[in-house]
Amino acid sequence: MPDSPTTAVSNPPVQEFVNNLGASDMISRSATGDLPPPARRLTEVAKLIDVSKCIGCKACQSACIEWNDTSPAIEDNVGIYMNPHDLTPEMFTLMRFSEWVNPETDNLEWLIRKDGCMHCTDPGCLKACPAPGAIVQYSNGIVDFVHENCIGCGYCVKGCPFNIPRISKTDHRAYKCTLCSDRVAVGQGPACAKACPTQAIVFGTKADMIKHAEGRITDLKSRGYANAGLYDPPGVGGTHVMYVLHHADKPHIYDGLPDNPKISAVVQTWKGVTKYVGLAAMSFAAAASVLHGVFAKPNRVAPEDDANAERLVGGGPEERT
Amino acid sequence: MTNSWTDIRNTDLVIVMGGNAAEAHPCGFKWVTEAKANRGAKLIVVDPRYTRTASVSDFYAPIRQGTDIAFLLGVIRYCIENNKVQWEYAKNFTNAALIVKDAFAYHDGLFTGYDAEKRDYDRTSWDYELGPDGFAQIDMTLQHPRCVWNLLKQHVDIYTPEMVERICGTPKEKFLTVARMIGESSAPDKAMTSMYALGWTQHSSGSQNIRTMAMLQLILGNIGIRGGGMNALRGHSNIQGLTDVGLLSQYMPGYLNMPVEKETNLKTYLSTRQFKPLRPGQTSYWQNYPKFFVSLQKAMFGAAATAENDWAYDYLPKLDVPAYDVLRTFELMFNGKVNGYFCQGFNPILAFPNRAKITASLSNLKWLVTMDPLDTETSRFWQNHGEYNDVDTKSIQTEVIQLPTTCFAEEEGSLTNSGRWLQWHWPGGSPPGEAKHDNWIMGQIFVRLRALYRKEGGAFPDPILNLTWDYKDENEPKPDELAREMNGRALTDLHDPTDATKIVVPAGKQVANFSQLRDDGTTSSGCWIYSGCFNEAGNNMARRDNTDADGLGTYPNWTWSWPVNRRTLYNRASADLQGKPWDPSRKILEWDGAKWIGSDVPDIAPTAKPEEVGPFIMNAEGSARLFARGMLRDGPFPVHYEPFESPVANVINPEIRGNPVVRVFLDDVAQFGTPDEFPYAATSYRLTEHFHFWTKHNRVNAALQPEFFVELSEELAKEKNIPLGGWVRVWSKRGSIRAKAVVTKRIRPLICNGKTVHIIGIPLHWGFMGEAKKGFGPNSLTPFVGDANIDTPEYKAFLVNIEPTSGPAEV
Amino acid sequence: MSDVELEPGDALHPGKPVIVDRYRGATRLNHWVTAISLVLLALSGLSMFHPSLFFLTAIFGGGQATRTIHPWIGVVLFFSFLLLFLQFWRLNLWNRTDVEWVAHAKDLVSGHEEKMPEVGKYNAGQKFIFWSMSILISILIVTGIMIWDEYFFDLTSIEVKRFAVLIHAVAAVIIILVWILHVYAGIWVRGSINSMITGSVSGGWAWRHHRKWLKRLAAKPANRGGPA
């Protein structure tokens, strides 16, 4: 079977193409402990978003809506260009616009960042998910939501360090960017990358994307962006959606991109020690009770207790039988 | 475009001024990012707003709308003063060395020959001093005080960096940075491309805006070379095609002129179109005008066009005015002089200025036919939509007939892009409901009209009865039939002029290109510049071979480009006087001693010797014009004039309001606002999320930019107490609108001539029909005045006032 | 001695054996609604707590149904327990006897209950259960609402929700432990369950476990040798 596609630019294959992203390519699966190791490892893919090339045209949003057949609401204007106003269950990717005055040059910079799932190597959503198989991770790096297994609990929302998943109010399932797993599975790159007119969004193997980013960073440094760099945060084991930032030393200026994202310690505690210690304690208590019940003498009322009670209360008008 | 979209990737410097390419042309803008990423090209943006294009620029400079000429003349002055001139190019390929008549002069904003009464010039003095041989006199040393170069130097002298700052509000340092960056492209191996759009055309000095940059590009040697050029980014996917095939009232197909009233016969008509060369040995290609004209007449009227009847010259309508542009047409309609209107693919009540006047005009009609794939506001102009279209339906008697048409994706045919590429496309879907192709509708109208003329006669039925209509199905001409007709064919066997035994094109065959057209009635061609698009080689527009032999993005076998598949106009100028490329790494053509060779079709006779024949063959001089002679109504050199509604007086001559030769109608003059009442400088523009008034009908686009807004600076918002996302009322002398406020750092107040000028930006995509929220547009406010030369309305600079308000009542 | 040490409905039926009314019908119903809710909450909660227990969602008709119903049962539990709380809280206030009782807890386990101090209607163990339940249910309802995203997503930030979900899980584990203790105590101390089923206990049970309560009942004039 063929490996993942290495570009989003090419036209779709015309020949019959077998789905290349099956259960056998999963390297982790939510709420599933004993996943057999996959027989093959797909090449890791990545989407690289070059913020310095992005013109904020929203073609990616439009392509995302079209491909995923979603229907985001027609909202109000609230004084900004960002529409919808946040990621929604119907909008998996969003251009976030920040007007930032560079304190060094006093020049305005209009920072436009395409927000969406980062496809972490260590995905917090998957860690938090209680429903077996609702979130899966493939060996090519894609973290995907399997909606028929989703119970809509919203734990993924709490697990995600990037605030990405959204729960639908209609079908109560979690939605986010799939990195177009359904396209990648048949040899095509993500719809957003395909639609991006300036190739600010490119797609390929993670190694290629890192190399491509290096070229971009060199170019940006030559244009005076001394802190240009790649955003591939190690706190989540690296991501399969990466950014080229002109100011990689301060990701937060890009509408709150986390400076050093990692799965929250609270979530780690919840999904780690609490889960194991809690289950152990409950099992122990239940077992101890049963054992005690079986082996220990029950606390029975003795005949003299009844006698004492009768004595205290005094004889009744009649004998009871 | 002189060049093509794909060629932009070859540039060293992109200047986006008078446009917002990333916003309005995101797909074409990819070539800018290619140039930046692969060549290290720089991008400069000069705009009143920090735009999406600015967001990826290397340098941004603010400018007050309507002052681009002052800015660019300032750059020209800088280049001359700092020797940033491509001298060999400027001397040999422009008219810098030609001598101008003594009578010509310029003082305080006006040239010789001005008649204030007529608002027009007598332009006879705006020409070269001719020698006894009939050729223009020349001084190649550029020493003659009356040579174009010295007149230009003198003309631009007042546009100092300080003056630029006073007029444009651009801080001097920022202006100088831009000038320095531009100046670098004067090196023969450096290229700058100018990408502009409606930000230059939609001004009362629109033509001159573009001309000023063209002059700068000539001085820098950037015309005709790869990565250079004057690149107009056409807004509509086929607006280039619209002008090419003559849909403007003053043109026939291929930019042939519509005859005017005083040209009562063909001889008179052609007498002003002889275009005798003004310098020895020059091509002056318009000498072929009669060939193109006669071939057009033969295409239209076939056998009815004969030498005896002047090729049916009398069949053509003659203009009684310079043009029936949209402003004039609606002025006539407003005055009750038009009673029927065919509106094909237009939405005038949103698209044309001063909506109140447009609505009143449409209400004067007896009938209005709209042909559109969408239910447009114009089709519903009579319908009350609360404050969004507050009309009294009962008082409107206009009968509206809506003819639903197909949209581009349901049609076959070609679209001509900005780079003059005619790209054939095929339908991607079937039309819904009763929608019909425009060809079918026009065919039906024609066939029925002809039947009426046949039956009833009429004052002059000949042009209708004799119109060539030889399509397979007369009810619906097919796109390929029309394309073949435009290409043209031989009506008899065409013999080689030098060898009468040789047949070049047999009768009935398609001509290869316009070089085979003749003025003796033996050829026909519906649009000479399109000749070659569908010849005996087949439909060249449908070619999809993206081979790029020299790796520089010529793609000669991808579709077809007019003229004769030439991808870069004036490409002869990419080589020096000896015919060697200025930059061998970006070679287009080279003179091999006998002929021109290279990857593009030479824009000159292939055997024209480089040192003899100038590269600008369409001009009688053979060179490009820094001095435009009498070709433009408002001056042979550009002059800074303020917009008709300006927050400041004209620094050069405070007495002059607007462009002095612009046509204005009296009722509109009464509706011009002044800064005391309307202190803020407004401008209108488009947003990337939408396409004109179409995509608000689409849920996806509507979700991405749902509601009408205006943009203003944080400073003005604070002054006026306008909160982010709050409601504001914006009004001009002509109307009032309500909008959400986008308060932004991207617009900052400018200081012009000591006065703080606040700018208000008004995007135009909303109306009262479709999926997006109901809203207004800038054209409820814009003035009913246009450009001096082509009457394009001044949408980009007008005056308004603003105040916070409450939201509208729901409707 | 005031009637503070008794609850409404507590009554004595002299005879052989003596019968003591401990819980009224309404109270018993209230208890069982609470109990069933708690069990259902534990089952549904556990199914979302640990993957190995996810199969429990089948009881509720699948994961989506479990996620939907769990908070609603929580609401039922909260109000149901609130009613219990209002009935029980007075007699569950801590007093000196409870300290002494706790000190002799070893005697209880080793079967020497006679060495323990006489207690009223509730002993310290029962009070511990009562107060644990009260506190834990309060915590669970508050944190539960914080993570009830279907209706209250905008109430708190995600960071707060993370703490809420952790606290909710820990409190749930503890309440299950308390519940095990409660159930086990009810089984181990024979005759106790009956009090929640029929509402009555035998005089001997009352003498053995809540002698002070029995004495207080017996001391009521109405119960002194008279007809019930």
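Mentor: Two residues are in contact if their C-beta atoms, placed from the backbone, lie within 7 Å. Keep that in mind as we read this predicted model.

Trainee: Thanks! How far apart are the nearest C-alpha atoms of chain B and chain C?

Mentor: They are 21 Å apart, and chains B and C do not touch. Of the two pairs of chains that do touch, A and C share the most contacts.

Trainee: Now helix H3 of chain B, residues 68–81. What span should its 14 residues have?

Mentor: At 1.5 Å a residue, H3(B) should span 20 Å, and its end C-alpha atoms are indeed 20 Å apart, which agrees.

Trainee: How many residues of H3(B) are buried?

Mentor: A residue is buried if 20 or more other C-beta atoms lie within 10 Å of its own. In H3(B), 12 of the 14 residues pass, so the helix is largely enclosed by the rest of the structure. Among them are Phe71(B), Gly74(B) and Arg77(B).

Trainee: At what angle does H3(B) pack with helix H9(B), residues 206–219?

Mentor: The angle is about 15 degrees, with the axes 9 Å apart. That makes the two helices roughly parallel, and H3(B) passes H9(B) in a left-handed crossing.

Trainee: Which residues of H3(B) meet H9(B)?

Mentor: First, the general idea: an α-helix has 3.6 residues a turn, so residues three or four places apart point the same way. Here, Ile69(B), Leu72(B), Leu73(B) and Ile76(B) are among those of H3(B) that meet H9(B), whose partners include Thr212(B), Met215(B) and Leu216(B). By class, this contact has 10 nonpolar, three polar and one charged residues.

Trainee: And what comes just after H3(B)?

Mentor: There, Asn83(B) takes a positive phi of about 55 degrees.

Conventions. Residues numbered from 1 in each chain as written. Chains lettered and ligands numbered in written order. Predicted model: local features only at pLDDT ≥ 70, side-chain atom pairs only at ≥ 80, totals over all residues. Axes fitted to C-alpha atoms, helices over the stretch in contact; angles between N-to-C directions. Helix = DSSP H or I, 4+ residues; strand = E, 2+ residues; numbered from the N terminus. Parallel < 35°, antiparallel > 145°, perpendicular 65-115°, else oblique. Left-handed = near helix turned anticlockwise from the far one by under 90°. Nonpolar A, V, L, I, M, F, W, Y, C, P; charged D, E, K, R; others polar. Expected span 1.5 Å × (residues − 1).
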